[in-house]
Amino acid sequence: MSKNIINIILLTLVSTAFFSCKEKPDPPEVEQHIVINFDFKNNGEYLEFDTMMYINEAGNHYMVNEIQFFISDVILHNSDGSEFLIDDWKDIHYVDTDVPATHNWEVFDNIPAGEYEKVSFTFGISEEKNHSFMFPNPPERDMFWPEFLGGGYHYMKLNGKWLDDNQQISPFDFHMGIGQIYYSYPDSITDFVQNAYEVVLPNSSFDLEENSTKNISFIMNVEKWFESPHTYDHNIWKGYIMQNQEAMNVACENGHDVFTIGF
Amino acid sequence: MISCGEDKPEPEPFQPTPYQIEVPYGFPTIFNIPEDNPMTVEGIELGRYLFYDGRMSGRTHPDSLMSCATCHIQANSFECGINHPEYIGGFTHGITGKPTPHVMLPMINLVWNSYGYLWNGFVSKDNPNPNYRNIEALVWMGIVAEHEMNSDTNLAKETIQNIPGYPELFKKAFGSETVTVKNMSKAIAQFIRTLISANSKFDKYMRGEVQLTQSELSGFVLFTTEEGADCFHCHGGFGNPMFTTNLFYNNGKDSLFTGQFEDLRDRYHVTGDPMDLGAYKATTLRNIELTGPYMHDGRFATLDDVINFYSHDLVWSPYVNPLMHHINNQGVQLTPQEKADLKAFIQTLRDDEFLTNPDFGPPDKFPDEE
């Protein structure tokens, strides 16, 4: 074979490789996402802050000044029995009524399309993940829960004021986190109580279509913290409960139906 | 190959040396450094000269000098301190004698403050006016303020421009020998961002290097518990070694009836939110024993006064922050022993290495000195 013929064959092969127009394009990448919005309501209306306009089940007149909390382990339960844990990018989300950027969580994960029959999450941070120093930067940093009281982070700070028995406006700090069992209060702690709990959102089934983004709202219905199954009376529990496991337990038990979902 | 003229020397490229902050144990990893003023070795060096040079005021007569360091004294954690010979009781005044409206704030770990500077956070990244967004603004504001240097920016920059040595330092730091107030501000801001306190006894305790005394430990428990003194919600602790949230609180100093809520420099006058009436920045407690007088108006001279206030003398108002849940008991009602323990703990936040670090002190000589 002459040198010229070899060159022609090579040129033909190279040209074919570079200029072929019959290659199949890659299939378009299909991605589904969800965006979780956080809303706050009281008795069905959007929560108004800094005004003494609410009355809880115990008859306490109260206002809410600010709410900060963590949720984690958000799980989407598929109707086929599989579960999808939102954890690819970050599995703990902080919400702060004073920080609008925290009110919308654009979930990083590409979520399989399909029918989901319910949504659940952990209110607060579970024991295995609630480690001190994991949030060195504000605003999450400022949720730290003192080492002496169990460490890690507050699950929630709900700060407000109520009209107390003496008709004085008194602050309340409805703070939840790791509880303590005391041998002699308030100095001798014998054990800690992990108060984080699972929330299963009622009526939370939804379809996630291919190539779509689903907007979901997690709604905190504030009045629910103070009712069902326990009537929470600020005059009994007073203004601070971080070192009062009994009060925090009441708050946790009331908290199971605090959240609802909106689409 | 093509050039036929004489070779011109290439201009020296402007390549300042980047400066990297080392994050101490437990400290935030996000800095508040504006994009247009990255920290450089040369910028910091220039900033240190300017910080200590009384000619920053635009004057050269020995009786008329004023620099940042006139009031911000390293040995007092960059405040003037209550023992200052001229600023009696720690109350500063400008070069003309006009009192500064509020007492000084700590100049510590400011590179991690993203929630605004000054007692009300007026200088903040959220300020719609780009001239009031970071430490750089505080420099030129200090030059022109009647209650500080009472100068003008042209005078200040011309004075510095005419001091031998400074133009070369500006060129090294910013690529031009021309002195501008903008670059003066940038340089000093860079220096201020290096003022990091992270080696107090408490820091060493956090790192497992030392143990606290029984009294200090008892004070630490008081500091971080609601049943105790409950300082930590605003002033940090183990999980927030800044010892401040850098946020703003009405901490129950005044009632409605004393006219105290007419202060044009409280947080309300930044946000317009009535809940911010009488609210001021929670200061860091690092080196706090050296930074009296205390509160925005300096009403307390000593740490004991402050502890007594939080223990017994809180005053209710509709604007008091909800974290002040002891307000209707007038305070946390500490016993004398508890007060002593709390004070002992707070004193573990004194960082002598910071107070004597030669890198933060005055330069041996200024650029025009041999």
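**Chatting through a two-chain predicted model**

Q: Where is B:Leu118 found in chain B?
A: In this predicted model, B:Leu118 is in the loop between helix H2 (68–71) and helix H3 (135–144) of chain B.

Q: Buried or exposed, or something in between, for B:Leu118?
A: B:Leu118 is partly exposed, at 31% relative accessible area.

Q: Which residues form a nonpolar patch with B:Leu118 on the surface?
A: B:Phe122 and B:Val270 join B:Leu118 there, and together the three have about 200 Å² of accessible area.

Q: Staying with that loop, what's the phi of B:Ser77?
A: Near 55°, which is positive even though B:Ser77 isn't a glycine. B:Ser77 sits in the loop between H2 and H3 of chain B, and with 0% relative accessibility it counts as buried.

Q: And what's the phi of B:Asn109?
A: Positive too, at about 55°, and again the residue is not a glycine. B:Asn109 lies in the loop between H2 and H3 of chain B. B:Asn109 is buried, with a relative accessible area of 4%.

Q: Moving back along chain B, where is the place of B:Ser67?
A: B:Ser67 is in the loop between helix H1 (41–52) and H2. The residue is buried at 7% relative accessible area.

Q: Which backbone atoms does the side chain of B:Ser67 reach?
A: The B:Ser67 side chain gets to the backbone oxygen of B:Phe51 at 3.2 Å, and to the backbone nitrogen of B:Ala69 at 3.1 Å. Not counting neighbours within four places in sequence, B:Ser67 is in contact with B:Leu50, B:Phe51, B:Tyr52, B:Asp53, B:Gly54 and B:Met149.

Q: B:Asp53 is on that list. Which residue forms a salt bridge with B:Asp53?
A: That would be B:Arg55, with the closest N and O atoms 2.9 Å apart. B:Asp53 is buried at 2% relative accessible area, and B:Arg55 is buried at 15%.

Q: How many salt bridges are there over all chains?
A: The count comes to 16.

Q: What about A:Lys129, which residue does its side chain meet in a salt bridge?
A: A:Asp73, at 2.3 Å from N to O. A:Asp73 lies in strand E4 (residues 61–78) of chain A and A:Lys129 in the loop between E8 and E9, so the pair ties together parts that are 56 residues apart in sequence. A:Asp73 is buried at 13% relative accessible area, and A:Lys129 counts as buried at 16%.

Q: Back to chain B: how far apart, N to O, are B:Arg350 and B:Asp352 in their salt bridge?
A: The B:Arg350 and B:Asp352 side chains meet at 2.8 Å. Both ends are partly exposed: B:Arg350 has a relative accessible area of 33%, while B:Asp352 has 43%.

Q: Which residues do salt bridges that share partners join into one network?
A: A:Asp73, A:Asp91 and A:Lys129.

Q: New topic: how many disulfides does the structure hold?
A: 0, over all chains. Take B:Cys71: the nearest cysteine sulfur is that of B:Cys80, 6.4 Å away. A disulfide needs the two sulfurs within 2.5 Å, so a pair beyond that cut-off doesn't count.

Q: And how far from B:Cys234 is the nearest cysteine sulfur?
A: It belongs to B:Cys231 and is 9.0 Å away, and B:Cys234 is in no disulfide. B:Cys234 is buried, at 14% relative accessible area.

Q: Over to chain A, then. How many helices and strands does its secondary structure come to?
A: 3 helices and 16 strands. Of the 263 residues in chain A, 51% are buried. Among its contacts between residues at least 6 apart in sequence, 70% join residues at least 24 apart.

Q: How much area does chain A expose?
A: About 12900 Å², with carbon and sulfur atoms supplying 51% of that.

Q: Which peptide bonds are cis in chain A?
A: The one from A:Pro138 to A:Pro139 is cis, with omega near 5°, and A:Pro139 is in the loop between strand E8 (114–123) and strand E9 (156–163). The bond from A:Ser228 to A:Pro229 is cis as well, with omega near 0°. A:Pro229 is in the loop between strand E15 (213–221) and helix H2 (234–237) of chain A.

Q: What does A:Asn254 touch, leaving out residues up to four places away in sequence?
A: Its contacts include both A:Ser228 and A:Pro229, along with A:Trp225, A:His230 and A:Tyr232. A polar atom of the A:Asn254 side chain lies 2.9 Å from the backbone nitrogen of A:His230.

Q: And where is the place of A:Asn254?
A: In helix H3 (residues 245–255) of chain A. A:Asn254 is buried, at 0% relative accessible area.

Methods. Residues are numbered from 1 along each chain as its sequence is written. Chains are lettered from A and ligands numbered from 1 in the order in which they are written. This is a predicted model: local features need pLDDT of at least 70, side-chain atom pairs count only at pLDDT 80 or more; totals for chains, interfaces and linings use all residues. Side-chain values use heavy atoms; hydrogens and water are left out. Buried means under 20% relative accessible area, exposed over 50%, partly exposed in between (1.4 Å probe, protein chains only). Helices (H or I, at least four residues) and strands (E, at least two) are DSSP runs, numbered from the N terminus. A polar contact is a pair of N or O atoms within 3.5 Å; within protein, one must be able to donate a hydrogen and the other to accept it, and residues adjacent in sequence count only if both atoms are side-chain atoms. Contact means heavy atoms within 4.5 Å. Patches are made of residues with over 30% relative accessible area and no salt bridge: like charges are joined within 9 Å, nonpolar side chains (Val, Leu, Ile, Met, Phe, Trp, Tyr) within 5 Å. Accessible areas come from the Shrake-Rupley method with a 1.4 Å probe; for residues, only the protein chains shown count as cover. A salt bridge is a side-chain nitrogen of Lys or Arg within 4 Å of a carboxyl oxygen of Asp or Glu.
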